[in-house]
Amino acid sequence: MSMAGARDTNGNQTVDTSDSFGFAGEIDSTGYFMSGCGIRFSEKDNNGDVKITINNERAMDVSEKFIEYMNKRDLTMLAQYYVSENSDPHGGIFMPKLMNNELMFYSQQLLVSLNLREMNSDFGILPLPKYDKAQENYISVANTWFSDHLVIPATNDNLEMTGNVIEAMGYGAQHYITPAFIDNTVLSKAVRDDDSADMVRLILDTQIFDLAYMFNWGSVRTVFSVMCNNNQTNFASQYAAIEGNVQSALAKTLEEMK
């Protein structure tokens, strides 16, 4: 479908920002696709211990396919290719092209849909693609760039009360604030059809929080961004080079948490 949307719009036989493209995103989109294909960077075992699970055949297959896909310059637009033309490729290039029907797919956070209210053409919202038809569910990963965190100072001497308050706030937000925001803002102002509304609910219902993805121990997440940036598809050797750092960073974090 991306290939169907890409073409040399101005006919100058050169890939430039005046052309139409099938996909726009960033090198970090590789990590999003990995999660969407059911690949977990880490999981808990039966003992509750966190284990790195990214080094497998599916990760090798998916990274190779998507890195090759995203480095087809006549098909895709990646932000790092265009920072010399615009310091904000997302807002300055990608969004205008999407709104002008010159871009078929745009990998972005859900918030962007709120900025498309003036778009003349209809648009839809989709989850990340599955690995294959055998994959049971669509999967959406929480983006670490936009995940807020609470910090408890070491001087706090009432941890039990603090924990109870935070848990109550989280429970209240999950059951009241987030649904109200989705219903009153996203679904009423950002989407244009019932299918997209269903997709938003699907994305939220299948969202995961992957510890290794969020902590990026030993560059376990950004190794795919580096590979994409360098157009490298040899994940096995790339992971072997960082595995020691990944395991030591994981152990250090878990020790700090304990």
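**View 1. F94 and its ring partner Y82 in the predicted model.** At 0% relative accessibility F94 counts as buried, and Y82, with a relative accessible area of 3%, is buried as well (buried means under 20% relative accessible area, exposed over 50% and partly exposed in between, with a 1.4 Å probe and protein chains only). This is a predicted model, in which local features need pLDDT of at least 70 and side-chain atom pairs count only at pLDDT 80 or more, while totals for chains, interfaces and linings use all residues. Residues are numbered from 1 along each chain as its sequence is written, and side-chain values use heavy atoms, with hydrogens and water left out.

**View 2. The aromatic pair of F41 and Y213.** The whole structure holds 11 aromatic pairs (rings of Phe, Tyr and Trp, the last by its six-membered ring, pair if their centres lie within 6.5 Å; planes under 30 degrees apart count as stacked, over 60 as edge-to-face and the rest as tilted). The ring centres of F41 and Y213 are 5.3 Å apart with the planes at 75°, so this pair is edge-to-face. Both F41 and Y213 are buried, and ring pairs join them with F224, F235 and Y239 in a cluster.

**View 3. Arginine charges over tyrosine rings.** The charged end of R73 sits over the ring of Y81, 3.7 Å from its centre, and R221 lies over the face of Y213 at 5.3 Å from the ring centre (a charge sits over a ring if NZ of Lys or CZ of Arg is within 6 Å of the ring centre and within 35 degrees of the ring normal).
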